[in-house]
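Got the viewer open and a hand on the mouse? Let's take a walk through this one, stop by stop, with something to select at each.

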Amino acid sequence: MLLFLCGIAVLIAGYFTYGKLVEKILGPDDRQTPCVKSPDGVDYIELPHWKNMLIQLLNIAGIGPVIGVILGIKFGSIVFVILPIGNLIAGATHDMIAGMMSLRNNGANLTTLVKDNLGSVYYRIFSWFMVILLLLVVAVFVNIPANLISGMIPGEWFWYAVAVITFYYVAAALFPVDKIIGAIYPFFGGLLIVSTLAIFGVLVAEGVKNPALLLESDAFKANMFTAEKNQPILPMLFVTIACGIISGFHATQSPIVARTMKTERQARSTFYGMMVAEGIIGMIWAGAGLAIYNLFPEYMAQAPAKVLSYITTHFLGSVAGNITILGVVVLAITSGDTALRSTRMALGEMLNIDQKPIRNRLLLCVSMLVVVAALLWWSNQSAKTFNLLWNYFSWGNQVLAVTTLLAGTVYLLKQRKNCLIALVPGAFMLFIVVCYILWISPAHGGPVGFGLPLNVAYVLAVILVAIASLAVWKHGRKLSK
């Protein structure tokens with residue numbers, strides 16, 4: 001219990017300390033923001049600060065800080081240490097840098113920021129990689145909430161739920177940001193906050209009565225993730241728990257809010273602060289996961305979505321539990337809709353398609369949904385195909401995080417500012433991605449990779465990271481001159 005509560009306290013304290021340092025380096029000021037300078041009535045619309053904060057939170061807090069940590073807590077209580085530290089130094093810093101770069105570039109999407117800082121060659125490869133990844137995100141964030149909804153209602157309701165969710169996604173991606181997203185997110189945000197606080201309150205109360213609830217029991221240790229079970233902490237923990245520690249997907253979402261902010265001085269609370277809030281959500285659900293695994297060790301063999309249902313029912317009862325599951329559904333849906341919107345915006349920039357005419361926006365959305373439908377059909381063929389979809393989404397997501405931080409490193413060097421806040425976590429996450437690709441294979445319980453021994457993967461990853469970091473630093477120094 002103490003480690004769990006201390007982790008939450010570190011997150012809160014870090015917002016006011018390390019977050020302040022990051023803000024000082026990035027230097028938000030009183031210059032005109034994109035929506036003030038270039039209003040278009042669609043994406044560039046000024047919204048209230050409190051609404052922007054809720055939109056950013058719901059955009060970035062997908063199923064990762066719930067489903068991801070329920071799976072990730074199987075690595076043990078070390079998650080209560082790694083999650084808050086990683087969140088403050090890597091994740092929240094990543095989101096703040098992405099948001100500030102977009103603010104300073106008229107609300108540009110991540111692809112444009114990459115082109116400006118890492119060059120056109122990398123941009124051409126990365127831009128299509130990002131679009132494909134975002135389409136994977138949309139497919140995942142249709143699949144999981146549809147399954148959760150159909151699981152709450154007797155009968156075969158999956159495809160009906162898919163149809164409703166997809167219709168909402170198109171509407172949210174198509175219409176001006178203030179008409180749907182800005183209008184209904186406050187309600188969704190309230191549902192998320194209430195459901196998470198309910199789990200936290202019950203968890204603390206139960207933990208006081210039973211201090212062993214949030215410790216690693218012998219039964220838990222017998223079933224937890226270890227290197228011997230093809231689950232080494234490096235790299236698997238940082239691929240399993242993306243949202244909460246660091247997620248490159250967030251950098252695709254930050255431009256949405258960067259285009260609706262009245263002043264740059266709202267950046268720390270909007271970008272850094274909402275990632276810290278996501279970290280707190282992740283800590284709470286990680287604690288709930290550890291508690292339920294200690295009480296019912298047999299659940300460790302179950303899929304995380306089923307464990308979520310067990311958690312809510314056990315701690316809150318069936319009625320309140322179903323309301324809490326709706327809060328998790330909201331998390332997925334409010335990331336999926338803006339993932340589709342981000343893809344539309346990115347494709348518009350890449351293909352030079354004017355986004356103001358609704359006909360152009362509709363054409364892009366329909367084209368994307370054809371691909372999403374195919375991915376959705378494929379991922380539902382079996383548990384194996386969905387796991388493959390999730391695996392590729394997971395490591396691809398961290399490729400986005402690495403790219404954002406390395407682009408941020410160059411951006412800071414060009415501004416003659418301290419680049420270490422971006423370079424250090426960027427180099428670490430590059431190590432994670434390279435190590436994962438070199439080590440993972442079907443023999444190691446994952447998708448296709450090189451399948452090298454773990455120690456060999458570690459050494460090669462360190463060498464490649466050193467070379468890449470030096471190249472990025474030299475590139476930034478050159479541009480600064």
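**Stop one: aromatic rings**

Across the whole structure, a search turns up 11 aromatic pairs. Keep in mind as you look around that this is a predicted model. For one of those pairs, select Phe-75 and Phe-225 and show their side chains: the two rings sit edge-to-face, 5.1 Å centre to centre, with 75° between the planes. Now colour the backbone around them. Phe-75 belongs to the loop between H5 and H6, while Phe-225 is in the loop between helix H11 (218-223) and H12, so this pair ties together parts that are 150 residues apart in sequence.

**Stop two: H6 against H14**

Next, select residues 79-103, which make up helix H6, and residues 267-295, which make up helix H14. How do these two run relative to each other, parallel or antiparallel? Their axes come within 8 Å and cross at roughly 155°. H6 and H14 are therefore roughly antiparallel, since an angle over 145 degrees counts that way. Turn the view until one helix lies over the other, and you have a right-handed crossing of H6 and H14. If you colour the contact between H6 and H14 by residue class, you get 17 nonpolar, seven polar and two charged residues.

Before you leave H6, move on to the loop between H6 and helix H7 (110-118), where Asn-106 is found. Asn-106 is not a glycine, yet its phi is positive, at about 55°.

**Stop three: two more crossings**

Keep H14 on screen and add helix H13, residues 249-258. The axes of H13 and H14 come within 11 Å and cross at roughly 130°. H13 and H14 are therefore oblique to each other. The crossing of H13 with H14 is right-handed.

Then swap to another pair: H8 and helix H16, which covers residues 358-379. The axes of H8 and H16 come within 9 Å, with a crossing angle of roughly 55°. That angle makes H8 oblique to H16. The crossing of H8 and H16 is right-handed.

**Stop four: a cis bond in H12**

Zoom in on Leu-234 and Pro-235. Which way round is the peptide bond that joins them, cis or trans? The bond from Leu-234 to Pro-235 is cis, with omega near 15°. Pro-235 lies in helix H12.

**Stop five: the cavity**

Stay with H12, because the next thing to show involves this helix as well. How many cavities of 30 Å³ or more are there? The count comes to one, and the largest cavity holds about 70 Å³ of space. To see its walls, select Gly-64, Gly-68, Phe-141, Val-239, Thr-240, Ala-242, Cys-243, Trp-390, Phe-393, Ser-394 and Asn-397. Helix H5 (64-72), helix H12 (233-240) and helix H17 (383-414) are the elements that give two or more residues to this lining. H17 gives the most, with four residues. Colour the cavity lining by class and you'll find six nonpolar, five polar and no charged residues.

**Stop six: a pocket along H17**

Follow H17 to the last stop, the second largest pocket, which also has H17 in its lining. The volume of this pocket is about 350 Å³. Its lining takes in 15 residues, and the ones to select for its centre are Leu-118, Tyr-122, Val-402, Thr-403 and Leu-406, which lie nearest to it. Four helices give two or more residues to the lining of this pocket: helix H8 (120-152), H17, helix H18 (420-439) and helix H19 (454-480). What sort of residues line the second largest pocket? They divide into 13 nonpolar, two polar and no charged.

Methods: Residues are numbered from 1 along each chain as its sequence is written. This is a predicted model: local features need pLDDT of at least 70, side-chain atom pairs count only at pLDDT 80 or more; totals for chains, interfaces and linings use all residues. Side-chain values use heavy atoms; hydrogens and water are left out. On a 1 Å grid over the protein atoms alone, a cavity is a set of points where a 1.4 Å probe fits but cannot get out, and a pocket is an open set with protein on both sides within 12 Å along at least five of seven lines; lining residues have an atom within 4 Å of a point. Grid points are joined across faces, edges and corners, and a volume is the space filled by probe spheres set on the points. Ala, Val, Leu, Ile, Met, Phe, Trp, Tyr, Cys and Pro count as nonpolar, Asp, Glu, Lys and Arg as charged, and the others, Gly among them, as polar. Axes are lines fitted to C-alpha atoms, for helices over the stretch in contact, and angles run from 0 to 180 degrees between N-to-C directions. Angles under 35 degrees count as roughly parallel, over 145 as roughly antiparallel, 65 to 115 as roughly perpendicular and the rest as oblique. A crossing is left-handed if the near helix is turned anticlockwise from the far one by less than a right angle, and right-handed if clockwise. Rings of Phe, Tyr and Trp (its six-membered ring) pair if their centres lie within 6.5 Å; planes under 30 degrees apart count as stacked, over 60 as edge-to-face and the rest as tilted.
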